[in-house]
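Here is a short briefing on one protein model. Look over the sequence and the structure first, then read the points below.

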Amino acid sequence: MRQRSLYLFAAVAIAATASVMAQSTTDEIAKYRQLLADGNPAELWEMRGEELWRTKAGPKNVSLEQCDLGKGAGVVKGAYAELPRYFKDVNKVMDLEQRLIYCRMNLQGLTREQAVKVPFGSAGKPSDIEPMVAYITSESRGMKMSVSTAHPEEKRAYEIGKKIFFYRAGSHDFACATCHAVDNQRIRLQDLPNLLNKSNAQAAYGTWPAYRVSQGEVRTMQHRLNDCFRQQRFPEPLYGSDVITAVTMFLAKSADGGVYNGPALKR
């Protein structure tokens with residue numbers, strides 16, 4: 001009996017120590033991010049993105065300055081805070097990256113293959129898309145997210161995204177909700193925000209895209225969600241797919257009212 005009590009005491013002590021260590025690690029990571037925040041390398045992507053936005057390119061030799069992101073041709077300020085949204089000219093809901101593909105094809109005359117070439121950059125193979133996303137999103141920094149579901153297509157995209165969020169499948173029987181619908185959950189050193197909790201959703205969604213220190217690149221929401229699908233052992237969606245836009249709509253609406261604070265800095 002005494003031995004069993006000792007085992008129980010030891011187990012409780014180990015669990016308590018692990019909890020303290022985990023919290024300590026989380027605090028240290030937060031301090032590390034704060035130290036780097038003033039020199040976030042994402043600023044370099046933002047500057048390059050603005051240059052690309054204003055540079056004439058493609059067979060039509062025009063810039064993207066007449067691209068309508070939802071607030072009128074060429075208006076970038078505050079556009080991301082209202083995306084995804086319904087676009088009448090295509091009769092569908094688009095997220096930022098889908099809309100950029102559309103503008104590059106229709107304004108600059110690129111083929112779809114050319115417009116989506118290198119969506120995610122790597123060493124020696126930079127992406128043009130990630131810098132433009134960094135620039136456009138930075139123009140909504142400090143603004144409140146205000147995503148509409150008033151149009152039937154917006155509501156439809158939201159509901160599809162919600163279903164995908166809870167859909168369990170694959171070799172691990174995972175869903176987005178497996179990791180992101182429970183409080184105080186983590187994997188290794190990484191906290192997993194409960195995206196059904198509004199404040200958590202606002203804090204998480206409102207900091208993407210972000211510069212990933214571990215990858216040395218700015219990563220967009222499309223990249224983040226594609227990687228989540230990969231980790232669930234799902235087939236990875238095609239870049240710019242409606243599946244990703246639907247999930248993004250669900251997450252963006254869940255974060256509605258939160259202050260946008262990206263591109264941020266991530267591990």
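In this predicted model, helices H2 and H5 sit roughly perpendicular to each other, because their angle of about 100 degrees falls within the 65 to 115 range. Their axes are 7 Å apart. The structure also holds one disulfide and 15 salt bridges.

**Helix packing**
- H5 covers residues 129-138, and H2 covers residues 42-54.
- On the H2 side, the contact is made by Trp-45, Glu-46, Arg-48, Gly-49, Glu-50, Leu-52, Trp-53 and Arg-54.
- On the H5 side, Glu-130, Pro-131, Met-132, Ala-134, Tyr-135, Ile-136 and Ser-138 take part.
- By type, the residues of this contact divide into eight nonpolar, two polar and five charged.

**Salt bridges around Arg-54**
- Arg-54 of H2 forms a salt bridge with Glu-50, with the closest N and O atoms 3.2 Å apart.
- These two residues are four apart in helix H2, so about one helical turn separates them.
- Arg-54 also meets Glu-65 in a salt bridge, at 3.1 Å from N to O.
- Glu-65 lies in the loop between H2 and S1, so this pair ties together parts that are 11 residues apart in sequence.
- Shared partners join Glu-50, Arg-54 and Glu-65 into one network.
- Each member counts as partly exposed: relative accessibility is 42% for Arg-54, 31% for Glu-50 and 30% for Glu-65.

**Salt bridge at helix H3**
- Asp-89 and Arg-99 meet through their side chains in a salt bridge, 2.7 Å from N to O.
- Asp-89 is in the loop between S1 and strand S2 (92-94), while Arg-99 is in helix H3, 10 residues apart.
- Asp-89 is partly exposed at 46% relative accessibility, whereas Arg-99 is buried at 2%.

**Cysteines**
- Cys-67 and Cys-103 form the disulfide, with sulfur atoms 2.1 Å apart.
- The torsion about their S-S bond is about 75 degrees, so the disulfide is right-handed.
- The bond links distant parts of the chain, 36 residues apart: Cys-67 is in the loop between H2 and strand S1 (85-87), and Cys-103 is in helix H3 (residues 96-106).
- Both Cys-67 and Cys-103 are buried.
- Why is Cys-179 not bonded to Cys-228? The sulfur of Cys-228 is the closest cysteine sulfur to that of Cys-179, but at 7.9 Å it is too far for a bond.
- Cys-179 is partly exposed, at 24% relative accessibility.
- For Cys-228, the closest cysteine sulfur is in Cys-176, and 6.5 Å is again too far for a bond.

Notes: Residues are numbered from 1 along each chain as its sequence is written. This is a predicted model: local features need pLDDT of at least 70, side-chain atom pairs count only at pLDDT 80 or more; totals for chains, interfaces and linings use all residues. Side-chain values use heavy atoms; hydrogens and water are left out. A disulfide is a pair of cysteine sulfur atoms within 2.5 Å. Buried means under 20% relative accessible area, exposed over 50%, partly exposed in between (1.4 Å probe, protein chains only). Axes are lines fitted to C-alpha atoms, for helices over the stretch in contact, and angles run from 0 to 180 degrees between N-to-C directions. Angles under 35 degrees count as roughly parallel, over 145 as roughly antiparallel, 65 to 115 as roughly perpendicular and the rest as oblique. Contact means heavy atoms within 4.5 Å. Ala, Val, Leu, Ile, Met, Phe, Trp, Tyr, Cys and Pro count as nonpolar, Asp, Glu, Lys and Arg as charged, and the others, Gly among them, as polar. A salt bridge is a side-chain nitrogen of Lys or Arg within 4 Å of a carboxyl oxygen of Asp or Glu.
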